[in-house]
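Trainee: I am new to this structure and should like to look closely at one aromatic ring and its surroundings. Could you take me through that part, and then through the neighbouring rings and the empty spaces?

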Amino acid sequence: MNLISSTKSNHYLFTSESVGEGHPDKLCDQISDAILDACLKRDPNAHVACETFSTTNLILVGGEIKFVSSNANENKKWIMENAEQIARKVALDIGYNSVDVGLDAKNCKFINTLHAQSEDIAQGVEGTGLFKGEQGAGDQGMMFGFASNETPEYMPATLIYSHKILQRATELRKSGEIAWLRPDAKSQVTIEYEGFKPIRIDTIVLSHQHNPDITHEEIKKTLVEKIITPVLEPTGLLDENTKYFINPTGKFVTGGPDGDSGLTGRKIIVDTYGGMGRHGGGAFSGKDPSKVDRSAAYMARYIAKNIVAAGLSDRAEVQLAYAIGVAEPVSIMVETFGTEKVSPKEIENAVREIFDCTPAGIIKTLDLRRPIYQPTASYGHFGREGFPWEKTDMADALKKRVRSK
């Protein structure tokens, strides 16, 4: 039985974490997605799977790229010549401008090992394999989407608050209001639930990289007063028993790639639902929308959010599963955790009729062949307006379909 389902009638604590845009893994995610966006600007049908690794004084990019337009060779030459500039700009924009803060993006070593996509994979994706004429999935696998009405964003409160803490910290760091902050940061929020309802914030953890000449007392006071309280006080969930752990090691001067190596795709729970919903295992960043690891996860979120927005359930989790080179999903599942207002089978049937979950259908529905991906690579892929999978434009259609039965 699902853990959350089994505890829904009780009080329990649940925790989610987030990491800031300067975390070394998130640095790598953003570089990979910036390279993806650059490829899609030149060729919306480009196939991209770009990975980034970073450590002390080093950024390395690798993976596969295939341009399919008529000027494919020109585009390939362009990205090979410009990948370095793209990567360095991402790191500089985050704030990695010297070895003191964890990486000197202007002068660090850069290695480019990008190469062409396997033709064996390409033929299935492009519809020239066994299932001719159909765009197949770029890989096998299962993807999950989740939504909950516990927050206006239809996201778990633990995760959305963890993200918001770090978003505010970044704003104050970049504006210069807290000039001694450095780019690397992590947050964590623990909430006490009664059933599926958040009733109080139990614990907040915030670790933020800083200049060496700031005392721990000043760090703690400033981060609580200027970051945590303005973000969380409006929720009404803070109380006199809320615990605060601010830079609990006592010192966080060395950070970024110098403090810990970074790699694309290592923060998949931060990227999704903070552990509240299941995860199929595939990372998102650096992958073009022909990879269902990414596009189908976006579609599953879109479906789940519209189910909850339609009032058909308080929570929804959608699973989509695929075989490589095959267009139709091998399975579609909807879980409502006992919060459904109508028959779960009716909801699932409505989903199957209304949403086209083939790779081509997902790309068309969500208009994914655009350079929209670098902004997804920090503070979560879900729960922020502006992304097409966050729309609730199919809620009325779902309600009408269920009522008609």
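Trainee: By its relative accessibility, does phenylalanine 355 count as buried or exposed?

Mentor: Please bear in mind that this is a predicted model. Phenylalanine 355 counts as buried, because its relative accessibility is 6% and the term applies to values under 20%. Tyrosine 302 is buried as well, with a relative accessible area of 2%.

These two residues are best understood among the aromatic pairs of the model. A pair of aromatic rings is described by the distance of the centres and the angle of the planes. The model contains 10 aromatic pairs. One of them joins phenylalanine 284 and tyrosine 298: the centres are 5.7 Å apart and the planes stand at 65°, an edge-to-face arrangement. Phenylalanine 284 belongs to the loop between helix 8 (268-271) and helix 9, while tyrosine 298 belongs to helix 9, so this contact ties together parts 14 residues apart in sequence. Both phenylalanine 284 and tyrosine 298 are buried.

The pair that involves your residue can be read in the same terms. The ring centres of tyrosine 302 and phenylalanine 355 are 5.7 Å apart and their planes meet at 85°, so this pair is edge-to-face. Tyrosine 302 is in helix 9, and phenylalanine 355 is in the loop between helix 10 (344-354) and helix 11 (359-366); the pair therefore ties together parts that are 53 residues apart in sequence.

Phenylalanine 284 and tyrosine 298 also take part in a wider grouping. Together with Phe146, Tyr273, Phe337, Phe382, Phe387 and Trp389, Phe284 and Tyr298 form one aromatic cluster.

From the rings we may turn to the empty spaces. Rolling a probe the size of a water molecule over the atoms shows where empty space is left. The structure holds 3 cavities of 30 Å³ or more. The largest cavity encloses about 70 Å³. It is lined by 13 residues, and Phe284 appears here again: Phe284, Met143, His279, Gly280 and Ala297 are the closest to the centre of the largest cavity. Helix 9 (292-309) and strand 7 (141-148) each supply at least two residues of this lining, and strand 7 gives the most, with 3 residues. By class, the lining of the largest cavity comprises 6 nonpolar, 5 polar and 2 charged residues.

The second largest cavity has a volume of about 50 Å³. Its lining consists of Ile65, Lys76, Ile79, Met80, Leu114, His115 and Ala116. Helix 3 and strand 6 (109-116) each contribute at least two of the residues that line the second largest cavity. That lining divides into 5 nonpolar, 1 polar and 1 charged residue.

Helix 3 also has a part in the largest pocket, whose volume is about 250 Å³. The elements that give two or more residues to the lining of this pocket are helix 2 (24-42) and helix 3 (72-94). Helix 3 provides the largest share, 7 residues. The pocket is lined by 13 residues in total, with Ala34, Ala38, Lys41, Ile86 and Lys89 nearest its centre. By class, the lining of the largest pocket has 6 nonpolar, 3 polar and 4 charged residues.

To return to your request, phenylalanine 355 is a buried residue, and its ring forms an edge-to-face pair with that of tyrosine 302.

Technical notes
Residues are numbered from 1 along each chain as its sequence is written. This is a predicted model: local features need pLDDT of at least 70, side-chain atom pairs count only at pLDDT 80 or more; totals for chains, interfaces and linings use all residues. Side-chain values use heavy atoms; hydrogens and water are left out. On a 1 Å grid over the protein atoms alone, a cavity is a set of points where a 1.4 Å probe fits but cannot get out, and a pocket is an open set with protein on both sides within 12 Å along at least five of seven lines; lining residues have an atom within 4 Å of a point. Grid points are joined across faces, edges and corners, and a volume is the space filled by probe spheres set on the points. Helices (H or I, at least four residues) and strands (E, at least two) are DSSP runs, numbered from the N terminus. Ala, Val, Leu, Ile, Met, Phe, Trp, Tyr, Cys and Pro count as nonpolar, Asp, Glu, Lys and Arg as charged, and the others, Gly among them, as polar. Rings of Phe, Tyr and Trp (its six-membered ring) pair if their centres lie within 6.5 Å; planes under 30 degrees apart count as stacked, over 60 as edge-to-face and the rest as tilted. Buried means under 20% relative accessible area, exposed over 50%, partly exposed in between (1.4 Å probe, protein chains only).
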